[in-house]
Amino acid sequence: MAGVQPSEVHIRINSKRHSRRMIHPVEIDPPPLPPSSASATASPVVYQEVKHFKKWVPWMIPAFVIANTIMFFITMYVNNCPKNSVSCIATFLGRLSFQPFKENPLLGPSSATLEKMGALDVGKVVHGHQGWRLITCNWLHAGLFHILANMLSLLVIGIRLEREFGFVRIGLLYAISGLGGSILSALFIQTNISVGASGAVFGLLGGMLSELITNWTLYANKFAALLTLVIIVVVNLAVGILPHVDNFAHIGGFFSGFLLGFVFLIRPQFGWVSQRYAPTASNKPKFKMYQCILWVISLVLLIVGFTVGMVLLLRGVDANDHCSWCHYLSCVPTSKWSCNTQPVSCSTTQTGNQYSITCSTNGKSGTYILPNATDSQIQGLCLQLCS
């Protein structure tokens with residue numbers, strides 16, 4: 001008597017255009033054949049549909065881009081260069097015109113305006129109890145070039161992550177990473193203000209890297225993807241050694257996002273997902289052991305790191321006193337540029353409407369006729385002389 005032939009298993013894939021779930025095949029055991037059909041030559045066909053990971057419609061990341069852009073326009077409106085500065089760039093923009101290139105090479109507002117709008121100023125955080133600046137600084141940008149670079153990066157990285165993991169997890173990863181970048185920046189850069197969303201953007205980049213590691217078994221071409229991500233991270237961090245770039249915010253945001261990725265972006269293994277659709281019971285674990293270990297270690301490091309960082313910051317600790325070489329992580333001096341971050345100061349002598357201003361740092365001086373001069377105008381001229 002001929003034996004029973006193994007049955008075929010066909011996977012029916014949902015072809016609806018509006019479906020937002022990935023469909024994956026799953027091996028299932030066919031139902032037993034009745035004895036009367038043991039000699040049948042036709043194999044039964046079993047259909048099984050497996051809905052794996054949900055796909056989200058990204059809306060939060062575009063909303064973040066719009067919010068950052070609106071804040072930049074508000075900052076430029078408050079800046080009002082024609083009123084508060086002697087000279088401006090793109091004067092046809094009126095109140096939205098930019099500060100002189102020597103004062104702000106990124107085409108943006110003055111440092112006084114950024115400070116007024118909520119830039120990270122360590123002195124005001126520690127002594128003025130303005131801890132909210134650790135958050136608001138992530139929504140401000142120093143100039144047009146600055147916001148364009150950050151928003152393009154946010155769109156490229158953030159939309160992909162939000163589509164895969166949803167707005168809640170990616171929103172938390174973005175916000176917490178930005179805070180982590182602000183804390184590390186405040187511990188090392190205490191003589192200048194700092195603004196920008198790059199700490200939060202680097203957090204998303206760190207989350208992408210840890211997500212690849214913790215969900216390693218789910219990916220094809222994983223080594224190529226890992227190498228690509230590592231190269232992108234290294235190149236972006238290397239750019240941070242240029243002057244006027246807050247690389248400590250980048251580093252703090254990246255490592256915060258890297259640890260948060262192990263916590264927020266962990267995925268169940270496909271074997272656990274597929275067993276829910278199989279007729280026979282299975283005891284496959286939802287997560288692999290290494291995923292659980294990484295989850296616990298990362299959560300502990302996050303809690304300890306943020307707690308210690310906040311305590312040191314609020315006590316007014318300058319991390320440079322305990323790490324003599326760490327300043328090279330944010331700026332490496334060369335023959336082309338200097339990494340001097342000391343605040344500029346000038347001596348001013350007034351004779352009627354004539355002001356003689358001398359930079360205390362490099363000795364440069366200039367004489368200006370300024371009827372009804374304001375403090376912001378004099379400060380802007382001082383910055384130009386000292387730059």
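These notebook entries record what I looked up in a predicted model.

**Conventions**

I worked from a predicted model, in which local features need pLDDT of at least 70, side-chain atom pairs count only at pLDDT 80 or more, and totals for chains, interfaces and linings use all residues. Residues are numbered from 1 along each chain as its sequence is written, and side-chain values use heavy atoms, with hydrogens and water left out.

**Entry 1: the three-stranded sheet**

I began with an open sheet of 3 strands in the order 5-6-7, with antiparallel pairing. Strands (E, at least two residues) and helices (H or I, at least four residues) are DSSP runs numbered from the N terminus; two strands pair if DSSP finds at least two bridges between them. The edges are strand 5 (346-351) and strand 7 (365-369), each of which pairs on one side only. I noted an average turn of 20° between neighbouring strands of this sheet, direction ignored. Axes here are lines fitted to C-alpha atoms, for helices over the stretch in contact, and angles run from 0 to 180 degrees between N-to-C directions.

I then followed the pairing of strand 5 with strand 6 (residues 354-359), which run antiparallel and are joined by 6 bridges. Cys346 has Cys359 in strand 6 as its bridge partner, and Thr349 stands opposite Ser356 in strand 6. The hairpin of these two strands has 2 residues between them, and Gly352 takes a positive phi near 65° there.

What lies across the three strands? I found helix 13 (residues 375-386) across strand 5, strand 6 and strand 7, running at about 40° to strand 6.

**Entry 2: positive phi outside glycine**

Most residues other than glycine have a negative phi. I looked up two residues that depart from this. Asn80 has a positive phi of about 45° although it is not a glycine. Asn80 sits in the loop between helix 1 (60-79) and helix 2 (81-84), and is buried at a relative accessible area of 10%. Buried means under 20% relative accessible area, exposed over 50%, and partly exposed in between (1.4 Å probe, protein chains only).

Leu107 likewise is not a glycine and has a positive phi, of about 60°. Its place is the loop between helix 2 and helix 3 (111-117), and at 14% relative accessibility Leu107 counts as buried.

**Entry 3: salt bridges**

How many salt bridges are there? I recorded 4, a salt bridge being a side-chain nitrogen of Lys or Arg within 4 Å of a carboxyl oxygen of Asp or Glu.

Glu115 pairs with Lys124, with the closest N and O atoms 3.0 Å apart. Glu115 is partly exposed at 22% relative accessibility, and Lys124 is partly exposed at 30%.

Glu211 and Arg160 meet in a salt bridge at 3.8 Å, N to O. The pair links distant parts of the chain, with Glu211 in helix 8 (residues 198-214) and Arg160 in helix 6 (residues 144-165), 51 residues apart. Glu211 is buried at 2% relative accessibility, whereas Arg160 is partly exposed at 27%.

Arg267 forms a salt bridge with Glu164, the closest N and O atoms being 3.0 Å apart. Arg267 lies in the loop between helix 10 and helix 11 (270-275) and Glu164 in helix 6, so this pair ties together parts that are 103 residues apart in sequence. Both Arg267 and Glu164 are buried. I also noted that salt bridges sharing partners join Lys55, Glu164 and Arg267 into one network.

**Entry 4: Asn247**

Is Asn247 buried or exposed? I found Asn247 buried, with a relative accessible area of 2%. Asn247 belongs to helix 10 (residues 247-264). Leaving out residues up to four places away in sequence, Asn247 touches Leu237, Gly240, Ile241, Leu329 and Ser330, where contact means heavy atoms within 4.5 Å.

**Entry 5: a nonpolar surface patch**

I last looked up a nonpolar patch on the surface, formed by Trp295, Val296, Val300, Val304, Val308 and Leu312, with about 470 Å² of accessible area together. Patches are made of residues with over 30% relative accessible area and no salt bridge, where like charges are joined within 9 Å and nonpolar side chains (Val, Leu, Ile, Met, Phe, Trp, Tyr) within 5 Å. Accessible areas come from the Shrake-Rupley method with a 1.4 Å probe, and for residues only the protein chains shown count as cover. Within the patch, I checked Leu312, which lies in helix 12 (residues 289-314) and is partly exposed, with a relative accessible area of 34%.
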